[in-house]
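Welcome, and please get your viewer ready. We will go from one selection to the next, and at each stop I will tell you what is there.

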Amino acid sequence: MQNASQGPVAPGRPRPAIPATVWMLGVVSLLMDVSSEMINTLLPLYLAGGLGVSALAIGFIEGLSVAIATVTKFLSGVLSDWSRRAKPLAVLGYGLGALSRLIFPMAVTLDQIVLAKAMDRVGKGIRGTPRDAIVAAVTPPGIRGASFGLRKSLDTVGGFVGPLIAVGAMLLLAGDIARVFWIATIPAVLAVVVLILGVREPEGERDVKRPDFRLADAFRLNRAVWVVIALASVIMLARFSEAFVLLKSLEAGFSPAWVPLSMVVMHAVYGLTAWPVGVMSDRIGTGGLLLVSLGFLLGAHLVLAFAGTVWIFLLGTVLWGLHMGFSQGLLGAMIAGATPDALKGSAFGTFNLVTGVAVLIGNTAAGWLWQSAGSAMPFLVGAGLTLAAMTCIAIGRHRFFRT
């Protein structure tokens with residue numbers, strides 16, 4: 001059967017350079033993630049403290065937001081394959097994300113927050129699939145892991161800088177979350193400008209004559225793709241929203257102004273590991289690296305379940321960040337390597353659709369467990385699901401993944 005990863009670079013041949021388009025898309029992701037994380041690291045505190053929203057409701061809102069995004073991701077992937085034009089969809093998606101930033105600082109009710117989150121997630125859903133399809137289209141097969149890892153690393157630099165700016169802004173603005181949200185609009189607008197002016201879609205993708213696209217083709221992906229999707233779904237059930245990690249930080253002793261610091265630590269670790277791991281996957285394969293990543297997630301769940309001090313909590317966030325860095329670029333590269341060129345957009349869309357349903361279930365369940373059985377229980381259940389995913393990889397590693 002077809003392998004779920006691209007082949008390695010041939011010995012003795014120089015590794016091709018990562019295309020400039022990948023770098024520019026990474027910068028776009030960085031800027032948008034700065035904006036997103038400035039909002040996302042403070043939003044759970046605002047919902048729980050300012051609006052009195054329960055953990056169950058927070059989990060459902062987070063899961064619903066992802067579900068909205070993933071349905072949109074699927075549709076944008078299908079449209080990307082049909083139209084052979086990915087950049088216009090990416091511009092639309094990033095533009096909606098930037099517009100949503102204007103709603104957050106003015107929102108005073110839960111309905112308004114849900115509206116802003118929905119618009120942001122629709123934008124994220126539209127932009128994610130065509131962006132990944134562009135990366136796959138411009139990147140030689142032998143460096144796909146490095147390219148996806150680079151883009152994700154730049155994205156997570158934004159995940160590091162955004163919470164850091166949020167910490168400084170909260171201290172300077174005396175904890176005024178709404179004013180921090182206004183500041184978050186600036187990098188979002190810059191992301192759209194860089195995308196429009198700095199990213200060029202490959203001309204060859206438009207000129208090549210391909211068979212007519214049929215909607216059913218999106219569901220006729222090969223078995224290697226579905227193996228990756230199934231595995232990723234189990235991982236997403238185990239790795240619920242970081243909103244629960246942020247809420248846990250309050251129990252560990254953080255004051256509200258310093259809560260974003262936990263995301264600074266997590267995304268610093270994430271960003272420093274995603275690119276090197278992507279390069280490593282091009283050389284040694286995916287199965288072993290995925291097992292390592294899940295080992296980090298298992299450790300994070302167990303540490304966070306019982307974290308009663310700031311330092312133990314920070315250890316849990318470091319482990320969570322290592323898991324993210326070891327897993328994210330790999331999944332994208334595996335999907336790209338297992339899919340025919342004409343269906344890459346649909347493959348990424350289907351991947352995001354199925355895993356998004358898993359995220360909705362996982363987040364809602366985590367909120368229910370937190371509310372009914374205490375804050376440790378979601379992490380303990382997550383540890384059990386992580387063990388199940390590790391078992392699946394260990395059993396199917398030599399069959400489905402290049403080791």
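Begin by selecting Thr355 with Ile229, Ala232, Ser233 and Met236: these four are the contacts of Thr355 once its neighbours within four places in sequence are left aside. What you are looking at is a predicted model. Now widen the selection to residues 344-373, which is helix H15, the home of Thr355. Is Thr355 buried or exposed? Its relative accessible area is 5%, so Thr355 counts as buried, the cut-off for that being under 20%.

Next, zoom out to the whole protein chain. Colour by secondary structure and you should find 16 helices and zero strands. Of the 403 residues here, 60% count as buried. If you like contact maps, take the contacts between residues at least 6 apart in sequence: 86% of them join residues at least 24 apart.

Now for the interior. The largest nonpolar core has 110 residues, and the members that touch the most other members are Val180, Val245, Phe313, Trp320, Ile335 and Phe379. Which helix gives this core its largest share? Select residues 310-338: this is helix H14, and it supplies 12 residues.

Stay in the core and centre on Phe379. Beyond its neighbours within four places in sequence, Phe379 is in contact with three more aromatic-named stops for your selection, Phe240, Phe244 and Trp370, among others. Add Val245 and Trp320 as well, since both are on the contact list of Phe379 and both are also among the core members that touch the most others. The contacts of Phe379 also include Lys248 and His301.

Our last stop is helix H1, residues 20-40. Show it with helix H5, residues 110-138: the two pack at an angle of about 160°, with their axes 11 Å apart. H1 and H5 are therefore roughly antiparallel to each other, and their crossing is left-handed. To see where they meet, select Thr21, Val22, Leu25, Ser29, Met32 and Asn40 in H1, and Lys117, Arg127, Arg131, Ile134, Val135 and Val138 in H5. By type, the residues of this contact are six nonpolar, three polar and three charged.

Keep H1 and swap H5 for helix H6, residues 144-172. Here the angle is about 30° and the axes are 7 Å apart, which makes H1 roughly parallel to H6. The crossing of H1 and H6 is right-handed. The residues of the H1 and H6 contact comprise 14 nonpolar, seven polar and four charged.

How values were computed
Residues numbered from 1 in each chain as written. Predicted model: local features only at pLDDT ≥ 70, side-chain atom pairs only at ≥ 80, totals over all residues. Heavy atoms only, no water. Axes fitted to C-alpha atoms, helices over the stretch in contact; angles between N-to-C directions. Helix = DSSP H or I, 4+ residues; strand = E, 2+ residues; numbered from the N terminus. Parallel < 35°, antiparallel > 145°, perpendicular 65-115°, else oblique. Left-handed = near helix turned anticlockwise from the far one by under 90°. Contact = heavy atoms within 4.5 Å. Nonpolar A, V, L, I, M, F, W, Y, C, P; charged D, E, K, R; others polar. Core = buried A, V, L, I, M, F, W, Y, C linked by side-chain atoms within 4.5 Å. Buried < 20%, exposed > 50% of the residue type's maximum accessible area, 1.4 Å probe, protein only.
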